[in-house]
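Hi,

Here is the structure I promised to pass on. Have a look at it first, and then read my notes below.

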Amino acid sequence: MVGIVAAVLFFIAFLINAAEIGTNDVFSSVNIMLLGLTALALHVAGIGTGRPRRR
């Protein structure tokens, strides 16, 4: 689930960068890309991947 959030954040950052949309400092493409990297790191660490397996 967190991996999907990362993909959406990367896509939004790409659109802002490609369309050269003027945004304020909070919603700049770099900040959104950093949020995507954070979500991707959480996904790779195993956080937000779903229910844990029980033996």
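Let's start with a small puzzle: does Ala-7 count as buried, partly exposed or exposed, and why? Keep in mind that this is a predicted model. Ala-7 sits in helix α1. Its relative accessibility is 45%, and exposed would need over 50% while buried would need under 20%, so Ala-7 counts as partly exposed. Along the chain, Ala-7 and Gly-36 are 29 residues apart, yet their C-alpha atoms are separated by 7.0 Å.

Now for the whole chain. The protein chain has two helices and zero strands. It is 55 residues long, and 16% of those count as buried. About 4600 Å² of the protein chain is exposed, with carbon and sulfur atoms supplying 66% of that area. If you take the contacts with a separation of 6 or more, 53% of them are between residues 24 or more positions apart.

Next, the two helices. Helix α1 covers residues 2–18 and helix α2 covers residues 29–45. A pair of packed helices is described by the angle between the axes and by the distance between them. Here the axes of α1 and α2 come within 8 Å and cross at roughly 165°. Angles over 145 degrees count as roughly antiparallel, so α1 is roughly antiparallel to α2. The crossing of α1 and α2 is left-handed.

Which residues meet where α1 and α2 are in contact? From α1, the list includes Val-2, Val-5, Leu-9, Phe-10 and Ile-16. From α2, it includes Ile-32, Met-33, Leu-35, Leu-40 and His-43. The residues of this contact divide into 15 nonpolar, five polar and no charged.

His-43 deserves a second look. You'll find His-43 in helix α2, and it is one of the residues that meet α1. Because its relative accessibility is 29%, His-43 counts as partly exposed. The C-alpha atoms of His-43 and Ile-4 are separated by 9.2 Å, with their positions 39 residues apart along the chain.

His-43 also helps to place the start of the chain. Met-1 lies in the segment before α1, and at 66% relative accessibility it counts as exposed. Between the C-alpha atoms of Met-1 and His-43 there are 7.9 Å, although the two are 42 residues apart along the chain.

Try finding Met-1 and His-43 in the viewer, then follow α1 and α2 from there.

Cheers

Terms used: Residues are numbered from 1 along each chain as its sequence is written. This is a predicted model: local features need pLDDT of at least 70, side-chain atom pairs count only at pLDDT 80 or more; totals for chains, interfaces and linings use all residues. Side-chain values use heavy atoms; hydrogens and water are left out. Helices (H or I, at least four residues) and strands (E, at least two) are DSSP runs, numbered from the N terminus. Buried means under 20% relative accessible area, exposed over 50%, partly exposed in between (1.4 Å probe, protein chains only). Contact means heavy atoms within 4.5 Å. Accessible areas come from the Shrake-Rupley method with a 1.4 Å probe; for residues, only the protein chains shown count as cover. Axes are lines fitted to C-alpha atoms, for helices over the stretch in contact, and angles run from 0 to 180 degrees between N-to-C directions. Angles under 35 degrees count as roughly parallel, over 145 as roughly antiparallel, 65 to 115 as roughly perpendicular and the rest as oblique. A crossing is left-handed if the near helix is turned anticlockwise from the far one by less than a right angle, and right-handed if clockwise. Ala, Val, Leu, Ile, Met, Phe, Trp, Tyr, Cys and Pro count as nonpolar, Asp, Glu, Lys and Arg as charged, and the others, Gly among them, as polar.
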